[in-house]
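Welcome, and please take a look at the chain below. A short tour of its sheet and its aromatic contacts comes after it.

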Amino acid sequence: MDTAPKGEKATGSAESYPYTYYGTSYSGYGAAGTGGDSQMQRSMQDYVLILRERVWYIVLVFALVFSAAAIFTFTRVPLFQSVASVQVLRGDPVVMQVQAVVNNDIRSAEDLNTQVKVLESFAIVQRVSERLVGDELKQFLAPYLKEGSADPVSPAEIIFRNRKIVPVRLSLVLQVQYSHPDKYIASRVANLFIDEYIAYNSRLRIEDSMKAVDDLKERAEQQKKKVEELAINLQAYREKNKLVSLDQRKDIVTEKLKALNAYVTQTTSRLNEAEIRWRQVQERKATPALLLDLPFISSSQLIGQLVQQVSAQKILIAQLRDQYREKHPKMMEAMNSIGQTEKELSRAIDSTAAMVEADFQTAKRNDEEARANLSRQETESLELDRFAVEYSNLERDLGINEHLLNNILSRMRETSMSSTIETQSARVVDRAAPALRPVSPNIPLNLALGFLGGLALGTAFAFFVAYIDDRVKSSFDIESVVGLPLVGIIPEIKRLEQSEKAQIVANNQDKQVVESFLTLHSSLRLKDESKRAQAILVTSTIPGEGKSFTTTNLALTFAAHGEKVVVVDCDLRKPNIHKSFRLENLKGVIDICAGTQTIEQVVCKSVHPNLDIIPAGGRAKNPTQILNSKNFELMLSDLRKRYDRIFIDTPPLAAVSDALIILPLVDGSLFTIFFNRVRRKAAQFSARKLLEVNVPCFGAVLNGLNLAVSGYYYAQYYDKSYKDYYVTMAKKDPGSPDR
């Protein structure tokens with residue numbers, strides 16, 4: 001048969017199975033496996049215990065951070081800070097009542113912030129750096145020059161990094177803070193800042209004013225050329241349209257137009273009168289006698305004389321007719337004379353009528369000529385009006401441009417005069433003085449920050465380690481995460497061989513361990529299920545958790561209380577029980593199941609009082625077939641008849657499934673967990689396997705508890721006063737394991 005390898009674990013278990021996990025999803029912390037709804041919650045004390053357990057992490061991180069802060073503080077070159085103050089004026093001083101080219105008035109927080117940015121600008125920094133020359137520049141650069149360094153150091157960059165502009169709240173005062181290892185240089189640079197700021201604003205105003213003057217000159221030249229061009233165009237228009245004196249010509253044309261209007265009125269009146277006479281003459285022209293009825297005909301002197309002559313001759317003829325006959329010479333002479341007079345009268349009437357017609361034609365021609373002259377004069381007046389409109393536009397453009405030229409020339413003279421006047425938009429409030437003490441490093445502040453930062457980072461690191469450390473170590477982990485009640489705690493055993501550890505209850509070499517098994521024995525007897533349980537299976541999650549150690553010592557404890565106990569080594573892959581009692585492993589469970597041996601032939605009787613051992617009988621190649629065999633069930637059934645308690649040591653659950661095969665054949669199980677070794681999810685997974693079978697799991701036994709932290713995690717189980725009590729009791733009764 002195969003023999004087990006040497007070199008056992010500290011708890012008496014030498015298993016080293018390559019274990020694998022079955023594909024199962026986990027619900028995380030707080031997933032109880034007992035089926036209850038209540039979940040344990042961490043208290044403040046739990047968190048304090050987490051920190052207490054990892055106090056050395058906190059101390060280490062604290063020491064590193066505090067040391068780094070101290071080294072940084074005491075090795076840093078002291079910096080002196082000087083402060084200069086400058087007041088920003090709301091507006092430029094009024095020397096002349098002229099409008100400034102640049103408006104520097106401070107009306108809002110944005111305007112003040114603009115001045116802050118000007119002070120912070122690299123332009124000011126560059127000008128300040130240019131002011132540092134000679135020995136002053138060497139003194140300024142000395143702290144920043146590294147020995148053997150060939151890289152040039154820019155003074156402007158150094159100034160830019162170490163200057164700070166701080167606006168004073170609810171005021172127009174700006175503070176310039178500058179830090180330097182040399183306190184005199186610090187004050188010098190701070191004062192240069194405010195000097196350059198004031199000079200910069202003044203220089204900027206003058207430059208802008210001069211630039212404005214140049215722009216105005218250029219515009220004035222352009223405007224002057226435009227005025228000259230307009231004047232030339234206006235003169236050319238005058239000459240072209242003969243408008244040397246437009247207003248005088250306009251007056252003459254107007255007077256002519258008035259005279260012509262009056263003359264047309266007269267000619268029209270004369271034409272009307274002449275036309276009336278002419279029409280009357282035309283109506284009476286057939287009867288000359290009727291023409292004499294017309295006043296303008298009869299009023300003619302010649303016609304009046306001839307009418308009188310005719311009348312006188314008619315009277316004479318009437319007188320002569322009374323005296324003479326018709327053919328009388330006097331009568332004939334009188335008749336000839338009257339005939340001649342009537343002819344002359346007829347000619348005179350015709351001539352007068354002709355004169356009336358001639359007057360009508362003359363009046364008509366005069367009226368037509370007057371109207372033609374009036375029309376021509378009106379046309380000339382309208383044309384002159386049209387010329388006057390364009391002439392007025394040209395004249396108006398000339399006037400406007402002349403006025404604009406005058407304004408530009410006036411503004412140029414004002415700007416030129418104001419640019420030569422020195423005004424300041426800011427004034428110095430306080431000049432910087434050398435600082436009395438350095439501002440950096442701030443030793444109390446740095447050490448305080450190092451102290452608090454070390455504590456904070458140490459605490460955070462401790463919690464981080466606790467977060468990534470998912471090993472089972474507290475009752476919270478066992479009862480809340482794994483899901484099993486904690487029924488016993490076995491302290492850590494040091495400097496003992498495996499066989500001595502496996503029988504520590506019998507040899508009584510560690511009183512605390514003995515008392516812990518007595519406590520476990522009492523806990524199992526308190527509940528009916530564990531009290532009546534005859535066959536108890538002991539397993540664990542992974543190898544090395546002390547399941548064999550727990551099995552042997554718990555069996556010794558029951559045997560010491562008068563019960564007949566047998567320990568069955570069912571770890572057929574890597575048996576370990578025979579090593580614990582220094583027995584041979586030549587025959588055992590494998591032989592019984594194979595039918596080659598009986599229980600009486602393989603059992604090691606009276607290894608201790610009331611304690612028998614059945615070894616595994618070697619290593620099996622097919623352990624699951626053996627454990628599933630009928631002979632194995634018959635063996636357990638026979639052992640139930642022979643013993644009060646049967647303790648079965650099985651392989652770890654995470655490695656193989658041997659324990660699950662045996663589990664339905666026993667009355668209950670115990671789950672062994674080694675302190676701070678197995679991971680929570682692995683233990684939880686294995687515990688669920690036990691709970692899924694309809695066999696009671698009495699609880700978990702925490703093995704290998706480190707006493708250095710037991711007082712913090714399990715103060716209710718162990719304390720220094722307990723140790724003193726065990727020592728006292730050991731002196732009184734050194735040989736009794738169950739006191």
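The report starts with the whole chain, then turns to a sheet and to the aromatic rings.

## The chain as a whole

Please keep in mind that this is a predicted model. The chain has 739 residues, and 42% of them are buried. Its secondary structure comes to 28 helices and twelve strands. If you look at contacts between residues at least 6 apart in sequence, 82% of them join residues at least 24 apart. The surface that the chain exposes is about 40,100 Å², with carbon and sulfur atoms supplying 53% of it.

## An open sheet

Four strands form an open sheet in the order 2-3-1-4, and their pairing is antiparallel. Strand 2 (163-167) and strand 4 (426-430) are at the edges with a single partner strand each, so one side of each has no neighbour in the sheet. On average, neighbouring strands here are turned by 30° against each other, with direction ignored.

Within this part of the chain, you can follow strand 1 (residues 80-88) alongside strand 3 (residues 173-180): the two pair in the antiparallel sense over eight bridges. A handy place to find the pairing on screen is Q87, which stands opposite V173 in strand 3.

## Aromatic pairs

How many aromatic pairs does the structure hold? The count is seven. Two of the pairs are set out here.

| Pair | Arrangement | Centre to centre | Between the planes |
|---|---|---|---|
| F62 and F66 | stacked | 5.7 Å | 15° |
| F140 and Y144 | tilted | 6.2 Å | 50° |

F62 and F66 both belong to helix 2 (residues 55-75); they are four residues apart, so about one helical turn separates them. F66 is partly exposed, because its relative accessibility is 28%, and partly exposed covers values between 20% and 50%. Ring pairs also bring in F451, giving a cluster of F62, F66 and F451.

In the tilted pair, is F140 buried or exposed? F140 is buried, with a relative accessible area of 0%. Its partner Y144 is partly exposed, at a relative accessible area of 21%, and the cut-off for buried is under 20%.

## Charges over rings

Two arginines are worth a look as well. R163 has its charged end over the ring of F160, 4.4 Å from the centre of that ring. R163 is also a residue of strand 2 (163-167), one of the edge strands described above. R677, in turn, lies over the face of F674, at 3.8 Å from the ring centre.

Technical notes. Residues are numbered from 1 along each chain as its sequence is written. This is a predicted model: local features need pLDDT of at least 70, side-chain atom pairs count only at pLDDT 80 or more; totals for chains, interfaces and linings use all residues. Side-chain values use heavy atoms; hydrogens and water are left out. Two strands pair if DSSP finds at least two bridges between them. Axes are lines fitted to C-alpha atoms, for helices over the stretch in contact, and angles run from 0 to 180 degrees between N-to-C directions. Buried means under 20% relative accessible area, exposed over 50%, partly exposed in between (1.4 Å probe, protein chains only). Contact means heavy atoms within 4.5 Å. Accessible areas come from the Shrake-Rupley method with a 1.4 Å probe; for residues, only the protein chains shown count as cover. Rings of Phe, Tyr and Trp (its six-membered ring) pair if their centres lie within 6.5 Å; planes under 30 degrees apart count as stacked, over 60 as edge-to-face and the rest as tilted. A charge sits over a ring if NZ of Lys or CZ of Arg is within 6 Å of the ring centre and within 35 degrees of the ring normal.
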